[in-house]
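Please open the model in your viewer and keep the selection panel at hand. The stops below move from one packing contact to the next and then to the sheet.

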Amino acid sequence: MAHRQLVGRALGRELVPEEVTPSFNRLQAVEGRALVVCPFASESIRRLPETLLLDSLELWSRRSRAPIVFSGTAAVGADLSRLASRLQSRRPGIAVEVAAADGFEDFLARLAGAGAVLATESGPAHAATALD
């Protein structure tokens with residue numbers, strides 16, 4: 001909602017949710033390598049609404065066989081597991097994993113092995129780009 005309002009103000013018009021919903025029309029994972037999802041941000045306003053995130057990942061899973069790996073710190077491990085469970089209940093049979101990082105090196109190794117990265121913060125995206 002906040003993202004839609006921010007973009008709407010910049011464009012000078014109200015947006016409908018479909019205009020800001022990720023569509024994954026062009027994003028393709030490297031075959032056999034995971035989509036690493038870093039769903040949480042340091043500030044709540046920067047977090048994707050959970051329903052929007054799950055809708056997007058469900059769409060991804062219909063177009064790609066790449067496993068989806070929810071990643072974050074150990075502090076958000078329970079929240080990552082909850083998201084993974086919700087996604088699996090919506091799309092039974094898809095490959096979903098939870099990987100709470102044991103430290104920065106572990107997190108970087110996960111990003112380096114990813115076929116694609118979806119993150120709400122720019123840090124993981126910059127790291128993934130640098131490792132690509």
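Begin by selecting helix α4 (residues 104–112) together with helix α5 (residues 122–131), which pack with their axes 9 Å apart and at an angle of about 60 degrees. Axes here are lines fitted to C-alpha atoms, for helices over the stretch in contact, and angles run from 0 to 180 degrees between N-to-C directions. That angle makes α4 oblique to α5, because angles under 35 degrees count as roughly parallel, over 145 as roughly antiparallel, 65 to 115 as roughly perpendicular and the rest as oblique. The crossing of α4 and α5 is right-handed, a term used if the near helix is turned clockwise from the far one by less than a right angle, whereas an anticlockwise turn counts as left-handed.

Now show the side chains at this contact: F107, L108, L111 and A112 in α4 meet P124, A127, A128 and L131 in α5, where contact means heavy atoms within 4.5 Å. By class, this contact of α4 with α5 has eight nonpolar, no polar and no charged residues (Ala, Val, Leu, Ile, Met, Phe, Trp, Tyr, Cys and Pro count as nonpolar, Asp, Glu, Lys and Arg as charged, and the others, Gly among them, as polar).

The model is predicted, with local features needing pLDDT of at least 70 and side-chain atom pairs counting only at pLDDT 80 or more, while totals for chains, interfaces and linings use all residues. Residues are numbered from 1 along each chain as its sequence is written, and side-chain values use heavy atoms, with hydrogens and water left out.

Next, select helix α2 (residues 50–63) and α3, whose axes come within 10 Å and cross at roughly 50 degrees. That makes α2 oblique to α3, and α2 passes α3 in a right-handed crossing. Which residues of α2 meet α3? They are E50, T51, L53, L54, D55, L57 and E58, facing R82, L83, R86, L87 and R90 in α3; the residues of this contact divide into five nonpolar, one polar and six charged.

Turn finally to the open sheet of four strands, ordered β3-β2-β1-β4 with parallel pairing; strands (E, at least two residues) and helices (H or I, at least four) are DSSP runs, numbered from the N terminus, and two strands pair if DSSP finds at least two bridges between them. The edge strands are β3 (96–101) and β4 (116–119). Select strand β1 (residues 35–38), which four bridges join to β4, and find V36 opposite V117 in β4.
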